[in-house]
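Colleague: I'd like to practise reading a fold with you. Could you take me through this one, a feature at a time?

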Amino acid sequence: MNRRIAPPRAGLGTALALAASIALAGCVTTRPPDLDPRLEAATAAFGGRFHYVYVPSEGRLSDQAFLAMSRVAGPQKIARDLATLMAPAETRPVRVMVSGPNEEKTLLVVLDALSFYEGRQIPEFELLYLGSPTHEARLAREVSKVGGALRFAPYQE
């Protein structure tokens with residue numbers, strides 16, 4: 001006689017452990033530690049509505065892996081998301097502030113997002129980049145290639 005074995009059912013302890021892990025995972029965010037200085041800079045530059053993209057640092061090794069993966073496999077999810085956010089700038093104003101604690105990673109995310117518009121124009125795009133002045137000229141050049149405008153504010157973590 002063939003007897004069918006039912007898969008084990010999760011008990012109450014397993015369900016509670018799963019719920020706790022989901023709750024804890026929800027508490028781990030990529031929210032910057034202190035938004036106020038960044039938001040003040042964006043409000044001073046834009047004076048009104050804008051999108052805010054924070055490029056988190058996950059630690060030195062993780063950030064290095066991110067950079068390597070972006071260079072080998074192409075733009076990562078955060079860069080694709082930023083590119084999607086920029087898309088309406090073909091016809092209507094889109095203002096975006098970008099900031100993050102790892103300058104190299106933040107710069108790469110912006111450049112990767114801009115690469116989606118190579119040969120196209122997004123003339124209503126305004127980027128406020130908070131970061132090191134060493135990146136200002138390169139960003140200005142790349143943003144102007146797509147018809148956008150760069151606003152820059154020096155910022156250091």
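Modeller: Sure. Helices here are DSSP runs of H or I with at least four residues, numbered from the N terminus. By that rule, Ser-70 belongs to helix α3, which covers residues 60-73. Keep in mind that this is a predicted model.

Colleague: Is Ser-70 buried or exposed?

Modeller: The cut-off for buried is under 20% relative accessible area. Ser-70 has 5%, so it counts as buried.

Colleague: And which residues is Ser-70 in contact with, leaving aside its neighbours within four places in sequence?

Modeller: Pro-75, Gln-76, Leu-108 and Asp-112. You can also look at backbone spacing: 35 residues separate Ser-70 from Lys-105 along the chain, yet their C-alpha atoms are 9.6 Å apart.

Colleague: Let's zoom out. How many helices and strands are there in the protein chain?

Modeller: The count is 6 helices and 4 strands. In sequence order they run α-α-β-α-α-β-α-β-α-β. The chain has 157 residues, and 33% of them count as buried. For contacts, take pairs at least 6 apart in sequence: 71% of those join residues at least 24 apart.

Colleague: Now the strands. Which strands pair with β3, and in what sense?

Modeller: Start with β2, residues 94-99: this strand pairs with β3 in the parallel sense over 5 bridges. One of the bridges to look up is Met-97, whose partner in β3 is Leu-128. Then β3, residues 125-131, pairs with β4, residues 149-154, again in the parallel sense and over 6 bridges. Leu-128 turns up here too, with Arg-151 as its bridge partner in β4. Between those two strands the chain passes through α6, residues 136-145, in a right-handed β-α-β crossover. β2, α5 and β3 form a right-handed β-α-β unit as well.

Colleague: How should I read the side chains of a strand?

Modeller: In a regular strand, side chains alternate between the two faces of the sheet. On β3, Phe-125, Leu-127, Tyr-129 and Gly-131 point one way, while Glu-126, Leu-128 and Leu-130 point the other. Both sets are buried, which fits the tally of 7 buried residues out of 7 for this strand.

Colleague: What about α5? Where is Thr-106 found, and which residues is Thr-106 in contact with, leaving aside its neighbours within four places in sequence?

Modeller: Thr-106 sits in helix α5. With a relative accessible area of 1%, Thr-106 is buried. Beyond those neighbours, its contacts are Val-55, Val-98, Ser-99, Gly-100 and Tyr-129. You've just met Tyr-129, one of the buried residues on β3.

Colleague: Last feature: pockets. How do you find empty space at all?

Modeller: You roll a probe the size of a water molecule over the atoms, and that shows where empty space is left. In this model, the largest pocket holds about 190 Å³ of space.

Colleague: Which residues line the largest pocket?

Modeller: Leu-111, Asp-112, Leu-114, Ser-115, Tyr-117, Glu-118, Gly-119, Arg-138, Glu-142, Lys-145 and Val-146. Asp-112 also came up as a contact of Ser-70. Both α5, residues 103-115, and α6 give at least two residues to the lining, and α5 has the largest share, with 4.

Colleague: How many residues of that lining are nonpolar, polar and charged?

Modeller: By class, 4 are nonpolar, 2 polar and 5 charged.

Note on methods. Residues are numbered from 1 along each chain as its sequence is written. This is a predicted model: local features need pLDDT of at least 70, side-chain atom pairs count only at pLDDT 80 or more; totals for chains, interfaces and linings use all residues. Side-chain values use heavy atoms; hydrogens and water are left out. Two strands pair if DSSP finds at least two bridges between them. A crossover is right-handed if, with the strands pointing away from the viewer, the path from the first strand over the helix to the second runs clockwise. On a 1 Å grid over the protein atoms alone, a cavity is a set of points where a 1.4 Å probe fits but cannot get out, and a pocket is an open set with protein on both sides within 12 Å along at least five of seven lines; lining residues have an atom within 4 Å of a point. Grid points are joined across faces, edges and corners, and a volume is the space filled by probe spheres set on the points. Ala, Val, Leu, Ile, Met, Phe, Trp, Tyr, Cys and Pro count as nonpolar, Asp, Glu, Lys and Arg as charged, and the others, Gly among them, as polar. Buried means under 20% relative accessible area, exposed over 50%, partly exposed in between (1.4 Å probe, protein chains only). Contact means heavy atoms within 4.5 Å.
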